Amino acid sequence: MKSEHRHELETNVLAKHLAEWTEKIRPHSTIIFASIGILMGAAIAMSLWAQRQAGQDRQAWTDYAITLADADMEYTDVYQLATDEQFSGTQMQEWAALAFADRQLRRSAELYFIDREDSLERLKDIQGIYQQFSTGASDPQMKDRAGLGLARVYEMQNRIEDAVAAYRRIDGPMSEIAAERIKQLDGKNAQADIEWL
């Protein structure tokens with residue numbers, strides 16, 4: 001009996017405190033419910049935005065894979081994808097821009113002895129892409145890859161000091177390749193060979 005009476009008293013005290021808090025909160029209930037509604041709305045909006053972003057990323061990478069598979073020799077379609085506003089802000093665009101620059105660098109090397117003017121013009125066109133991503137890429141591997149490309153552009157432009165400086169800035173997994181190239185450029189005959197070319 002005592003236990004039941006004690007339980008009844010505890011329930012009454014709890015009910016009394018609950019009633020007091022309800023009365024204190026009642027004038028602020030509109031603000032509280034509005035705040036909860038705003039927070040729930042923001043959470044839903046963030047979730048929808050994340051889903052949309054994930055869908056955009058998936059579509060970007062799908063389009064990139066398809067474009068690479070069907071790309072022409074100059075990679076003009078890849079470049080268009082890299083500058084397409086539909087995929088603005090996706091990492092795919094950075095990779096597409098570097099793929100285009102790498103292809104143009106290769107074409108420039110192929111044309112170097114056949115059409116020097118065209119080769120040097122291509123180098124000038126892609127130098128900015130490599131400069132941009134060698135410092136501002138979102139991925140460290142991209143920075144290294146762009147740094148290697150930039151150094152190679154400088155070499156082909158006979159700017160050896162700039163090439164060595166670009167190679168020295170590479171500090172990721174490609175740093176061994178860069179270090180080896182610096183050794184080759186510091187060799188006795190390297191400068192003479194490059195000037196001859």
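The following exchange goes over some salt bridges and the nonpolar core of a predicted model.

Colleague: What makes Arg 107 and Glu 74 a salt bridge?

Modeller: Their side chains meet at 3.2 Å, N to O. The cut-off is 4 Å between a side-chain nitrogen of Lys or Arg and a carboxyl oxygen of Asp or Glu, so the pair counts as a salt bridge.

Colleague: Which parts does the pair tie together?

Modeller: Arg 107 belongs to helix H4 and Glu 74 to the loop between H2 and H3, so the bridge ties together parts 33 residues apart in sequence.

Colleague: Why is Arg 107 called buried, and is Glu 74 buried or partly exposed?

Modeller: Buried means under 20% relative accessible area. Arg 107 has 14%, so Arg 107 counts as buried. Glu 74 has 21% and is therefore partly exposed.

Colleague: How do you know that Lys 124 is exposed?

Modeller: Exposed means over 50%, and Lys 124 has a relative accessible area of 54%, so the term applies. Its salt-bridge partner is Glu 121, with the closest N and O atoms 3.7 Å apart. Glu 121, at 38%, is partly exposed. Both residues lie in helix H5, three residues apart, about one turn of the helix.

Colleague: Where do Asp 102 and Arg 145 lie?

Modeller: Asp 102 is in helix H4 and Arg 145 in helix H6, so this pair ties together parts 43 residues apart in sequence. The two side chains meet in a salt bridge at 2.6 Å, N to O.

Colleague: How many residues has the largest nonpolar core?

Modeller: That core has 40 residues, and Phe 133 is among those with the most contacts inside it. The largest share, nine residues, comes from H4.

Methods. Residues are numbered from 1 along each chain as its sequence is written. This is a predicted model: local features need pLDDT of at least 70, side-chain atom pairs count only at pLDDT 80 or more; totals for chains, interfaces and linings use all residues. Side-chain values use heavy atoms; hydrogens and water are left out. A nonpolar core is a set of buried Ala, Val, Leu, Ile, Met, Phe, Trp, Tyr and Cys residues joined through side-chain atoms within 4.5 Å. Buried means under 20% relative accessible area, exposed over 50%, partly exposed in between (1.4 Å probe, protein chains only). Helices (H or I, at least four residues) and strands (E, at least two) are DSSP runs, numbered from the N terminus.
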